[in-house]
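Welcome, and thanks for taking a look at this one with me. Please have the sequence and the structure open side by side as you read.

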Amino acid sequence: MQYLVKEFGSVMTNCYILDNGFEQLVIDPGENSYEWVKQNSNNILAVLNTHGHYDHVYDNYKFQKDGVEIYIHKDDAFLVSNDPFGLLKNGSSPDVLANDEDKFKIGQFSVKFHHFPGHTPGCSMIEIGDFMFSGDFLFNSSIGRFDFPFSNSDDMKKSLLKVKNFKKEFILLPGHGEKSTLQTEISHIDYYLKAFGF
Ligand SMILES: [Zn+2]
Ligand SMILES: [Zn+2]
């Protein structure tokens, strides 16, 4: 399984194409990512959103027009058509609403949603094979902001404590910035809990 990544939009949001050789999943299609995705894919099965912020769902509607299903955690579904920043031009309506720990078989891909609210109510990490798509929950050497509309610092604290229980290693592919590994970022959690006054 291989992935391609490219940044899109003014806040440089990572869009990923995950490819098993004959099928692809798209994770977080940001602003005008559609053309790049189409050039680098031939059998797109689904779009997965780590959360509902405009910069991660911007081009959802273009894929939806093609009949591609949109997956997102249920608690962020409202954001995909109702952007509090007013920056989303075209909303979309998710087809599949995930709960925490929900597993989906999409083609040959096994997908699992892990709910980590705080940055947004439905913010999730999405596990596929050895990859963990962490959205704006965990970054390389940082965590997502929790001072936006619909953010919640108590939830963020709980999510940071919860992720420490993950013992398995994954390649961490965040919504912004460079890749990392899950265990590297978990090793920073105690520091964040102190630094952000949790
Ligand atoms: Zn975000
Ligand atoms: Zn973002």
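Which residues coordinate the zinc ion (ligand 2)? In this predicted model, the zinc ion (ligand 2) is held by Asp55 through OD, His56 through NE2, Asp136 through OD and His176 through NE2, at 2.1 to 2.5 Å. Along the sequence these donor residues follow the spacing D-H-x79-D-x39-H. The pair of aspartates links distant parts of the chain: aspartate 55 sits in helix 2 (residues 54–57), while aspartate 136 sits in the loop between strand 10 (131–135) and strand 11 (138–139), 81 residues apart. Both aspartate 55 and aspartate 136 are buried.

What about the geometry around this ion? The four donor atoms of the zinc ion (ligand 2) subtend angles of 85 to 160°, and the arrangement is therefore irregular. A tetrahedral label would need all angles to lie between 85 and 135 degrees.

**The second metal site**

Now turn to the zinc ion (ligand 1). Its protein donors are His51 (NE2), His53 (ND1), His119 (NE2) and Asp136 (OD), which lie 2.1 to 2.3 Å from the ion. The arrangement is irregular here because the four donor atoms subtend angles of 90 to 165°. In sequence, the donors of the zinc ion (ligand 1) are spaced H-x1-H-x65-H-x16-D. Again a pair of donors links distant parts of the chain, with histidine 53 in the loop between strand 4 (44–48) and helix 2, and aspartate 136 in the loop between strand 10 and strand 11, 83 residues apart.

Which residue bridges the zinc ion (ligand 1) and the zinc ion (ligand 2)? That residue is aspartate 136, and the two ions lie 3.5 Å apart. Aspartate 136 has a relative accessibility of 5%, so it counts as buried. Histidine 53 is buried as well, with a relative accessible area of 3%.

**The annotated domain**

The UniProt record, an unreviewed entry, lists "domain: Metallo-beta-lactamase" for residues 12–176. Over residues 12–176 the chain is 16% helix and 32% strand. The end C-alpha atoms of that stretch are 7 Å apart.

**Salt bridges**

How many salt bridges does the structure hold? There are seven. In general, side chains of opposite charge can pair when their charged atoms come close. Here are three of the seven salt bridges, with the N to O separation for each pair.

| Acidic residue | Basic residue | Closest N to O |
|---|---|---|
| Aspartate 100 | Lysine 162 | 3.3 Å |
| Glutamate 101 | Lysine 112 | 3.2 Å |
| Aspartate 190 | Lysine 164 | 2.7 Å |

Let's take the pairs in order. Aspartate 100 forms a salt bridge with lysine 162. The pair links distant parts of the chain, with aspartate 100 in the loop between strand 6 (96–98) and strand 7 (103–106) and lysine 162 in helix 4 (residues 153–163), 62 residues apart. At 33% relative accessibility, aspartate 100 is partly exposed, and lysine 162 is partly exposed at 27%.

Glutamate 101 pairs with lysine 112 in a salt bridge. Glutamate 101 lies in the loop between strand 6 and strand 7, and lysine 112 in strand 8 (residues 109–115), 11 residues apart. Is each partner buried or partly exposed? Glutamate 101, at 37% relative accessibility, counts as partly exposed. Lysine 112 has a relative accessibility of 19%, so it counts as buried; the cut-off for buried is under 20%.

Aspartate 190 meets lysine 164 in a salt bridge. Aspartate 190 belongs to helix 6 (residues 189–195) and lysine 164 to the loop between helix 4 and strand 13 (171–174), so the pair ties together parts that are 26 residues apart in sequence. Aspartate 190 is partly exposed at 45% relative accessibility, and lysine 164 is partly exposed with a relative accessible area of 29%.

**Helix 4**

Finally, have a look at helix 4, the helix that carries lysine 162. Which residues of helix 4 are buried? They are Met156, Ser159, Leu160 and Val163. Seen down the helix axis, these buried residues fall within an arc of 100°, so they line one face of helix 4. On the other side of helix 4, Asp154 and Lys158 are exposed. The buried residues pack against strand 9 (124–128), strand 11, strand 12 (142–143), helix 5 (182–186) and helix 6. Two of those partners have appeared above: strand 11 borders the loop that holds aspartate 136, and helix 6 holds aspartate 190.

How values were computed
Residues are numbered from 1 along each chain as its sequence is written. Chains are lettered from A and ligands numbered from 1 in the order in which they are written. This is a predicted model: local features need pLDDT of at least 70, side-chain atom pairs count only at pLDDT 80 or more; totals for chains, interfaces and linings use all residues. Side-chain values use heavy atoms; hydrogens and water are left out. UniProt positions are given in the numbering used here, feature names are shortened, and annotations may be inferred rather than shown by experiment. Helices (H or I, at least four residues) and strands (E, at least two) are DSSP runs, numbered from the N terminus. Donors are N, O and S atoms within 2.8 Å of the metal (3.2 Å for Na, K and Ca); water is not among the atoms, so sites may look incomplete. Four donors count as tetrahedral if all angles lie between 85 and 135 degrees; four count as square planar and six as octahedral if opposite donors are over 155 degrees apart and all others between 65 and 115; anything else is irregular. Buried means under 20% relative accessible area, exposed over 50%, partly exposed in between (1.4 Å probe, protein chains only). A salt bridge is a side-chain nitrogen of Lys or Arg within 4 Å of a carboxyl oxygen of Asp or Glu. The arc is that of the directions from the helix axis to the C-beta atoms. Contact means heavy atoms within 4.5 Å.
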